[in-house]
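Please look through the sequence and the model below before reading on. The paragraphs that follow treat the sheets and then a pair of helices.

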Amino acid sequence: MTSTLLSAIADAAKTFAGRLLVPTDPDYEVTRRVHNGLIDKRPAVIARCLGVADIVAAVTLARKLNLTVAVRGGGHNVAGRATVDDGMMIDLADMRGVHVDPKARTARVQGGATWGDFNRETQLHGLASTGGVVSTTGVGGLTLGGGLGYTMSKYGLALDNLLAVELVTAEGKVLRAAHDEHADLFWALRGGGGNFGVAASFEFRLHPVGPMITGGVVAHPFAKAREALRFYRDLTQSLPDEMCVFGGFIHAPDGSGAKLVGMAVSHCGTLEAGAAATRVLKEYGPPVVDQLGPMQYAAVNTMLDDAYPKGALNYWKSGFLTQLSDAAIDAMVNAFAKCPAPMGQMLLEHFHGAATRVAPTATAFPHRSDGYNLLVASEWIDPTHNAACIGWARETYAVMAPFMAPGRYVNYLADDDAGDPTGGAYGPNLQRLQAVKARYDPTNFFRINQNIKPLA
């Protein structure tokens, strides 16, 4: 690191409320790590912000020093877009405040908050908004890219519940984007990821949910995989809006390596309605694992946490299925039988209800059809297994490609996808997004993301 760079950082630190970390600082090694242990990048400086003024100062400093910027909220992005080699990481991890207005049923959330932070505060009032199914996921990244969650069939995606975003632009300006302020930017932020600036805070609409709902996991032996997935397919054709069921293949959490067919369930209606609606899941099989019943809503959103520990090595591929046909099910079963990773999964995230009743062009997120998003999630611990585990995910994705629609979920895109994957991520909305990008970030300052290039 040059003396000029160090001098500029030292000068900026005099008025910086948070911390500006460089590689020689004691906390740098821990702070630079993101959730996916496969990502190993070394920023020249980490701007650990405490407020909006710090974000503005960090953007200004990065422009002055010509540093490439990455933004970290929760740090869960599997492709490692929250960090950068030799540039600046703008780190919002210390900005985790959540303020709930129970009368208005709204919440204002800082950009570094996790869904665990969010649910802890909102559930004090029996309120919720669609959020991540892993509680350590950041509110910001998940929402800006879409926001799949257990209540999306009742209340829409996380981005469908956004009321406003406070954004720091590439010029260091602070804007409020909402339906009645910078409406074009607000449209783009709902699905366009981190392309338009640093989201300092979010305002969400809340809904009455919990504190007790019906939820949990059921699982069946892998030997019954085909029959269980056909049952899942039939079940998901007629679910009530209150009920969400994600299915697929998992490994037993006891470390045995046993392969299972699992279904993660949430019903956000009354406990009586939940018991009636989930009875078929408890009776089918019967399951070898049955943890389905009344539980706290906040607990439902933590029940998969242990499957995604920080530091585990992850490589994901995903795409939307045109339908869950018998042939697609057979291909999934055959592929998972070869999974070398004892933590590996193949998951089906089912879309129905409110999330599908929004026009594809109403927000930047265009994927509004009933169906399934298939996630091939290869996860492991030992780096000597990298080649085998990455290879399995790629091979499985290739096997499943004939069953997939063109659409891709931007939050799951890998960093090595061939060509430009934004066409699949944004479909009919890409050109409009490029126009908004050209207006708010014409030099593509924010490009460490699934990048939308400014319209020329």
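One open sheet has four strands in the order β1-β2-β4-β3, with mixed pairing. Strands and helices are DSSP runs numbered from the N terminus, a strand (E) having at least two residues and a helix (H or I) at least four; two strands pair if DSSP finds at least two bridges between them. Because β1 (19–21) and β3 (69–72) stand at the edges with a single partner strand each, one side of each is left without a neighbour in the sheet. Neighbouring strands here are turned by 20° against each other on average, direction ignored. This is a predicted model in which local features need pLDDT of at least 70 and side-chain atom pairs count only at pLDDT 80 or more, while totals for chains, interfaces and linings use all residues. Residues are numbered from 1 along each chain as its sequence is written, and side-chain values use heavy atoms, with hydrogens and water left out.

Within this sheet, β2 (residues 45–48) and β4 (residues 88–91) run parallel and are joined by four bridges. A47 stands opposite I90 in β4. Helix α3 packs on the sheet and touches β1, β2, β3 and β4, where contact means heavy atoms within 4.5 Å. The direction of α3 makes about 175° with that of β4; axes are lines fitted to C-alpha atoms, for helices over the stretch in contact, and angles run from 0 to 180 degrees between N-to-C directions.

A second open sheet has five strands in the order β5-β6-β10-β8-β9, with antiparallel pairing. At its edges stand β5 (98–101) and β9 (174–178), each with a single partner strand, so one side of each lacks a neighbour in the sheet. The twist averages 15° from one strand to the next. Five bridges join β8 (residues 162–168) to β9, and these strands run antiparallel; A164 stands opposite A178 in β9. Helix α3 (residues 52–65) packs on this sheet too, touching β8, β9 and β10 (198–205).

How are two packed helices described? The angle between their axes and the distance between the axes serve this purpose. Helix α8 (residues 225–235) and helix α11 (residues 326–336) pack at an angle of about 135°, with their axes 10 Å apart. That makes α8 oblique to α11, since angles under 35 degrees count as roughly parallel, over 145 as roughly antiparallel, 65 to 115 as roughly perpendicular and the rest as oblique. Among the residues that meet are L229 and R233 in α8 and I329 and M332 in α11.
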